[in-house]
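Q: I've just opened this one and would like to go through it with you piece by piece. Can we begin with a strand pairing and work outwards from there?

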Amino acid sequence: MKPHIVVLGGNFAGLGSAQKIRQYCGDTVRITVLDRKDYLLFVPNIPAEVYEDRDPSKTLSMDLRSTLAEDDIDFIQGEVKALDVDAKRVDFVPNERPGAASESLHYDYVVVAVGNRLAFDKIEGFAEHGHTCTDFYYGNKLRRYLHNDYKGGPVAIGSARFHQGDGTKDIKLYGGHAFPSAEAACEGPPVETMLATATWLKEHGMGGPEKVTVFTPAGLIAEDAGEQVVGNLLKIASGMGFNYVNNGKDITRITKDGVELAGGQNIEAELKIIFPDWVPHDFLKGLPISDSEGFVVTDTTMRNPKYPNVFAAGDAAAITVPKLGGIGHAEGEIVAKQIAKDLGRMSAAEADKELEPVVYCIGDMGANQAFYIRSNSWFGGPDQVLKMGHVPFLLKMQYKNLFFKTRGKMPDWGLDASKLLAEKMFAA
Ligand SMILES: Cc1cc2nc3c(=O)[nH]c(=O)nc-3n(C[C@H](O)[C@H](O)[C@H](O)COP(=O)(O)OP(=O)(O)OC[C@H]3O[C@@H](n4cnc5c(N)ncnc54)[C@H](O)[C@@H]3O)c2cc1C
């Protein structure tokens with residue numbers, strides 16, 4: 001019997017892992033992907049669609065069943081309820097129709113790629129007074145609000161406090177650098193939304209950056225992009241007139257009139273665009289593979305140290321900080337190589353390349369412009385690059401188009417070409 005590899009989650013990290021496992025292991029394995037929804041949600045471009053008044057659900061979803069079928073990968077639509085790593089079993093409830101009975105799947109290898117809960121439900125007042133753009137529902141809600149109800153008042157944009165867990169305490173990166181700790185899960189989106197909101201305000205004759213306050217729980221917003229990059233970004237942003245509140249600690253509550261922060265600051269705002277805490281799913285909490293918060297512990301080859309047939313990739317992994325799809329994508333490739341090595345399909349020399357995380361972020365600024373960040377200095381690496389202009393915007397759109405065209409199988413040259421275009425040829 002072929003070894004059965006079960007991939008939990010079918011978005012960026014899950015789909016990428018499954019495709020790469022097929023590429024490196026060929027038809028020697030059986031692969032099953034399990035996800036509660038049967039499409040890929042292309043999250044990073046939601047803000048760009050919202051500010052252009054396009055429904056992101058029409059442009060940013062990719063059918064998962066047919067995509068996986070191209071590689072002879074089975075798909076099950078169901079809700080994962082439990083993972084028993086000793087019995088090598090996943091319990092799930094099929095969810096195409098309500099009322100299904102609980103089912104189980106046995107695996108030889110499992111890849112946990114279920115992302116996180118974006119915990120809006122932990123923020124008091126969010127449901128009544130908050131907005132965001134993290135999925136199709138919230139994206140469309142913000143789009144309608146902006147285009148129908150917004151009166152032109154002040155705007156507050158920022159994140160709740162992230163709780164990282166202890167799963168990275170023994171990890172060293174880039175030749176010995178201690179793993180850093182983050183106070184926000186992913187601050188590219190607030191920076192992107194801040195810039196895009198100001199452009200939108202200008203285009204609609206409602207003001208500009210002076211109306212927008214961006215806040216962070218940390219001492220420095222988007223600190224994972226590197227101090228030099230963020231320093232330059234902040235200089236540009238304050239020159240444009242944006243307001244900046246740091247050391248907010250956490251969001252205490254959102255009211256009709258604004259955002260109250262645990263650091264004591266109150267930000268007056270009509271529109272509140274919020275990014276929450278990224279929290280592990282309940283079924284991962286307390287497992288022998290999980291850290292103090294419920295993130296899955298791995299080494300730098302994405303393998304759990306206690307259960308060598310358990311891997312994690314993407315936001316669910318403790319090592320994925322900040323929570324970025326780009327890092328998850330690199331991890332999926334590492335997972336696949338490790339499994340191929342175990343099955344005798346790849347040499348250790350080729351497979352044992354450790355994760356070297358890089359913050360790659362291309363954020364929409366509106367008016368067909370974007371910022372481009374490529375940085376690994378926060379992890380101990382040497383690079384910090386920031387570019388802004390029309391070329392990064394073009395790259396953001398082309399990346400999405402290529403992703404859909406190749407059904408997630410981005411060519412290896414794609415990243416190198418982006419780097420060359422953004423950093424050497426055009427952008428300022
Ligand atoms: C507005 C915004 C902009 C962003 N921009 C960027 C960017 O420019 N660059 C970048 O690299 N990253 C960006 N990110 C981060 C990026 O979206 C995430 O890092 C990425 O989506 C993580 O991928 P993942 O596959 O690990 O998790 P997810 O995308 O969260 O996918 C998890 C999958 O698991 C499934 N699942 C979860 N629980 C269960 C369960 N119990 N049973 C069955 N299925 C389950 C879900 O349905 C989902 O399909 C952005 C995020 C936001 C919110």
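Q: Which residue stands opposite Asn-243 in strand 14?
A: That residue is Thr-213; please keep in mind throughout that this is a predicted model.

Q: And how many bridges join strand 13 to strand 14, and do they run parallel or antiparallel?
A: Three bridges join strand 13, residues 212–215, to strand 14, and the two strands run parallel.

Q: What is the order of the open sheet of four strands?
A: The order is 14-13-10-18, with parallel pairing. Strand 14 (243–245) and strand 18 (271–275) stand at the edges with a single partner strand each, so one side of each has no neighbour in the sheet. From one strand to the next, the twist averages 15 degrees.

Q: Which helix packs on that sheet?
A: Helix 7 does, touching strand 10 (155–159), strand 13 and strand 18, and its direction makes about 165 degrees with that of strand 10.

Q: Switching sheets, what about the open one of seven strands, what order does it have?
A: That sheet has the order 7-6-5-2-1-8-20, and its pairing is mixed. Its edge strands are strand 7 (103–106) and strand 20 (310–312), each of which pairs on one side only. Neighbouring strands are turned against each other by 40 degrees on average, with direction ignored.

Q: How many bridges join strand 5 to strand 6 there?
A: Six bridges join them, strand 6 being residues 89–94, and the two strands run antiparallel. Within this pair, Leu-83 stands opposite Val-90 in strand 6.

Q: Which strands does helix 1 lie across?
A: Helix 1 lies across strand 1 (4–8), strand 2 and strand 8 (109–112), and it runs at about 175 degrees to strand 2.

Q: Zooming out, how is the protein divided into domains?
A: There are two parts to the division, domain 1 (4–116 + 280–351) and domain 2 (118–278 + 357–425). Taken over C-alpha atoms, the centres of domain 1 and domain 2 are separated by 25 Å.

Q: How many residues of each are in contact?
A: The contact involves 36 residues of domain 1 and 37 residues of domain 2. On the side of domain 1 that touches domain 2, helix 1, helix 2, helix 3 (56–59) and helix 9 each supply at least two residues, and the largest share, six residues, comes from helix 2. By class, that side of domain 1 has 19 nonpolar, nine polar and eight charged residues.

Q: Why does the ligand lie between the domains?
A: Domain 1 and domain 2 both give residues to the shell around the ligand, so the ligand lies between them.

Q: How many residues surround the ligand, and which are the closest?
A: The ligand is surrounded by 35 residues, the closest being Gly-9, Asn-11, Pro-44, Gly-115 and Gly-314. Among the elements that give two or more residues to this shell are helix 1 (12–25), helix 2 (46–51), helix 7 (188–203) and strand 21 (359–366). The shell divides into 17 nonpolar, 12 polar and six charged residues.

Q: Since you mention strand 21, is that one buried or exposed?
A: Eight of the eight residues of strand 21 are buried, so the strand is largely enclosed by the rest of the structure. Val-359, Cys-361, Gly-363 and Met-365 point one way from strand 21, while Tyr-360, Ile-362, Asp-364 and Gly-366 point the other way.

Q: What joins strand 21 to strand 22?
A: Seven bridges do, strand 22 being residues 369–375, and the two strands run antiparallel. Cys-361 stands opposite Ile-373 in strand 22. The hairpin they form has two residues between the strands, and there Ala-367 takes a positive phi near 50 degrees.

Q: One last residue, Glu-423: where does it lie, and what does it touch?
A: Glu-423 lies in helix 12, residues 413–425. Not counting residues up to four places away in sequence, Glu-423 touches Val-385 and Lys-387. Glu-423 is partly exposed, with 17 other C-beta atoms within 10 Å. From C-alpha to C-alpha, Glu-423 and Ile-373 are 9.7 Å apart in space, although 50 residues apart in sequence.

How values were computed. Residues are numbered from 1 along each chain as its sequence is written. This is a predicted model: local features need pLDDT of at least 70, side-chain atom pairs count only at pLDDT 80 or more; totals for chains, interfaces and linings use all residues. A residue is near a molecule or strand if its C-beta atom, placed from the backbone, lies within 6 Å of it. Ala, Val, Leu, Ile, Met, Phe, Trp, Tyr, Cys and Pro count as nonpolar, Asp, Glu, Lys and Arg as charged, and the others, Gly among them, as polar. Domain bounds come from an automatic or database domain assignment. Two strands pair if DSSP finds at least two bridges between them. Axes are lines fitted to C-alpha atoms, for helices over the stretch in contact, and angles run from 0 to 180 degrees between N-to-C directions. Two residues are in contact if their C-beta atoms, placed from the backbone, lie within 7 Å. A residue is buried if 20 or more other C-beta atoms lie within 10 Å of its own, exposed if 12 or fewer, and partly exposed in between; C-beta atoms are placed from the backbone.
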